[in-house]
Amino acid sequence: MKQQVLFNDREADVAHSPIIYPSMTLVENYLNLKQIETLILEAQHYSFDKPNITVYGKQYPIPRQQVWFGDEGCDYVFSSLYIKALPWPLYANKLRDKLQRDFGFNANGVLVNRYNDGVDSMGWHSDDEPEIQPRSDIVSVSLGASRDFFIRHKKTQQQHKIMLNSGDMLIMNWPMQDEWEHSLPKRKRVEAPRYNFTFRCVLPYFHGKHPRV
Ligand SMILES: O=C(O)CCC(=O)C(=O)O
Ligand SMILES: [Fe+2]
């Protein structure tokens, strides 16, 4: 397992024009081919959704599909859509256990995104929803097509690009989400699907014990 600590300095020591780096850790080939294949086979049967979001008063379907799995009470709200946690599928849960064993990372939910091809994408955002546990990291595991992943500093607009390949794992360490946004731009030449699992620690019952669904 090759672990590459990316940008782990808060500020690079460059005179006059400091370059700011976020704290992220990329573990290339975190999963082996068998693990990748098993997870993709499982993900092909997930009940993905393509909800509409409202932008300037108009409704648009999100340019990808998504599904949220989580422990009891670990529901989530994205773009004002309330999403009740579905029970963990077998191998997604095994991957959560592996992250716990390898890094002591205790996720209680995972958002799975499915990008059908390079036309599907995710715009600039931070994973800063109020139900995310304060000071928690977010762990992203990529499967399938390789895609470019960008990060952009909120104040300086500085950008970095990372290629995420099948089996790679990226830890976005706290407080990255406070200072940086990230995105997965369209890549018209990409024809194959990609799955991305972002494991999160949310506050159980943040939306109440009996939320209206
Ligand atoms: O697909 C990716 O690599 C990014 C996913 C993401 O940013 C998210 O689910 O919040
Ligand atoms: Fe994100």
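A polar contact is a pair of N or O atoms within 3.5 Å. The legends below use that cut-off. They describe a predicted model.

**View 1. Ser126 sits in a loop between two strands.** The strand before this loop is β9, residues 122-125. The strand after the loop is β10, residues 138-144. Ser126 has a relative accessibility of 9%. Ser126 therefore counts as buried, since the limit for buried is under 20%.

**View 2. The side chain of Ser126 has polar partners in Lys154 and Gln177.** With Lys154, the contact runs from side chain to side chain, at 3.3 Å. With Gln177, the side chain of Ser126 reaches the backbone oxygen, also at 3.3 Å.

**View 3. Which residues does Ser126 touch, leaving aside those up to four places away in sequence?** They are Lys154, Gln177, Trp180, Glu181 and His182. Among them, Lys154 also makes the side-chain polar contact of View 2. Gln177 offers its backbone oxygen.

**View 4. Cys74 is a buried cysteine.** Its relative accessibility is 2%. The closest cysteine sulfur to that of Cys74 belongs to Cys201. The gap is 9.5 Å, so the two sulfurs are too far apart for a bond. A disulfide needs the sulfur atoms within 2.5 Å.

**View 5. Cys201 is buried as well, at 7% relative accessibility.** Seen from Cys201, the closest cysteine sulfur is in Cys74. The distance of 9.5 Å is again too far for a bond. How many disulfides does the structure hold? The count is 0.

Note on methods. Residues numbered from 1 in each chain as written. Chains lettered and ligands numbered in written order. Predicted model: local features only at pLDDT ≥ 70, side-chain atom pairs only at ≥ 80, totals over all residues. Heavy atoms only, no water. Helix = DSSP H or I, 4+ residues; strand = E, 2+ residues; numbered from the N terminus. Buried < 20%, exposed > 50% of the residue type's maximum accessible area, 1.4 Å probe, protein only. Polar contact = N/O pair within 3.5 Å; in protein donor to acceptor, adjacent residues only side chain to side chain. Contact = heavy atoms within 4.5 Å.
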